[in-house]
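Biologist: I'm new to this structure, and I'd like a close look at one part of it. Could you walk me through the cysteines and whatever lies around them?

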Amino acid sequence: VSTIRKDSAAPKFRQYQEEELGGNKIYHEIFRLLFSPSEALTARIQSTMKSLQLNPKEYSSVHLRVKYPVKGIKENDFSFEKHKSQITGWANNAVNCAAELHPNSTIYVSSDNNDTVGYLLEESHFAQHYIDATKHKKHALVVKLVARDYSTENEHVAFSQTTEVDGFMNVFEDLFIMGLGKCVAHGVGGYGRLAAALCGGECVTAHRKHGGNLNVCSDALKDIQRNIDKR
């Protein structure tokens, strides 16, 4: 499956949702026949998944490409604080979409901006809900968000000044971990779509559309509360 652009058309893996293409169900198999992670990358993937208690096909993933140059965002002078209100709205909706796809599952979070990951895991209402459920025992149902060490921001191949392969290890680690899950909720850009194709291309959704507009999903925590109230 070629990823070479022709007349600016999206490569085939980015059109996994077009059923007539037929490749969405086998792309991940073709990819794994052709590419294997290095020993160093494999060790990192295994270590991260073990530490986060992630088992293949038992968790789902969210990817947020928040620096994508739409909706007033500029890649070269991006500031999380400047766009925080907008980005946190995208982030919360992305988690809602993943939870809608795969209820009651652990959700692996990745992004091209580490502050966005930090917001979801430390500040969001999902984070507080998880603390209430696990520490304070207020309820049993949760949305559990996890991520690898996000102290270092992912480099973008097209814009990075990094020339060493090791500088992109986080990028490939996230990609393979998302691809090993059951479902993927991705945003704009090709990276999240590739992760969606690698997980099988069937349990996927775009939480942001190509032009940057939201694909609004139902509030996961309200859905959980309704389930609690029924008990």
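Modeller: Let's start with Cys97, which is buried, with a relative accessible area of 1%. Bear in mind that this is a predicted model. Cys97 is joined by a disulfide to Cys217, with an S to S distance of 2.0 Å. Turn the view to look at that bond and you'll find a torsion of about 95° about it, so the disulfide is right-handed. Where do the two ends sit? Cys97 is in helix α3, while Cys217 is in the loop between β5 (204-206) and α8 (220-230), so this pair ties together parts that are 120 residues apart in sequence. The partner is tucked away too: Cys217 has a relative accessibility of 12%, so it counts as buried, the cut-off being under 20%.

Searching the whole structure turns up 2 disulfides, so let's go on to the other one. Here Cys183 pairs with Cys203, and their sulfur atoms are 1.9 Å apart. The link of Cys183 and Cys203 is right-handed, with 80° about the S-S bond. Cys183 belongs to strand β4 (residues 183-186) and Cys203 to the loop between α7 (190-198) and β5, so the parts this pair ties together are 20 residues apart in sequence. Cys183 is buried, at a relative accessible area of 1%. Cys203, at 19% relative accessibility, also counts as buried, because the limit is under 20%. If you count the bonded cysteines along the chain, the disulfides follow the pattern 1-4, 2-3.

What about Cys199? Its closest cysteine sulfur is the one in Cys183, 6.6 Å away, which is too far for a bond; a disulfide needs the two sulfurs within 2.5 Å. Cys199 counts as buried as well, at 5% relative accessibility.

Now back to α3, the helix that holds Cys97. Helix α3 (residues 84-101) packs against helix α4 (residues 114-123): their axes come within 10 Å and cross at roughly 65°. That makes α3 roughly perpendicular to α4. The crossing of these two helices is right-handed. On the α3 side, the residues in contact are Lys84, Ile87, Thr88, Ala91, Asn92 and Val95, and on the α4 side they are Thr116, Tyr119, Leu120 and Glu123. Sorted by kind, the residues of this contact come out as 5 nonpolar, 3 polar and 2 charged.

Just along from there, look at the loop between β1 (60-64) and α3, where you'll find Asn76. Unlike the buried cysteines, Asn76 is exposed, with a relative accessible area of 74%. Asn76 and Phe159 are 83 residues apart in sequence, yet 8.3 Å separates them in space, C-alpha to C-alpha.

There's another helix pair to look at while you have the model open. The axes of helix α2 (residues 39-51) and helix α6 (residues 169-179) come within 10 Å, crossing at roughly 60°. That makes α2 oblique to α6, and the crossing is right-handed. From α2, the contact takes in Ala40, Leu41, Arg44, Ile45, Thr48 and Met49; from α6, Met169, Asn170, Phe172, Glu173, Phe176 and Ile177. The residues of this contact divide into 8 nonpolar, 2 polar and 2 charged.

Notes: Residues numbered from 1 in each chain as written. Predicted model: local features only at pLDDT ≥ 70, side-chain atom pairs only at ≥ 80, totals over all residues. Heavy atoms only, no water. Axes fitted to C-alpha atoms, helices over the stretch in contact; angles between N-to-C directions. Helix = DSSP H or I, 4+ residues; strand = E, 2+ residues; numbered from the N terminus. Parallel < 35°, antiparallel > 145°, perpendicular 65-115°, else oblique. Left-handed = near helix turned anticlockwise from the far one by under 90°. Contact = heavy atoms within 4.5 Å. Nonpolar A, V, L, I, M, F, W, Y, C, P; charged D, E, K, R; others polar. Buried < 20%, exposed > 50% of the residue type's maximum accessible area, 1.4 Å probe, protein only.
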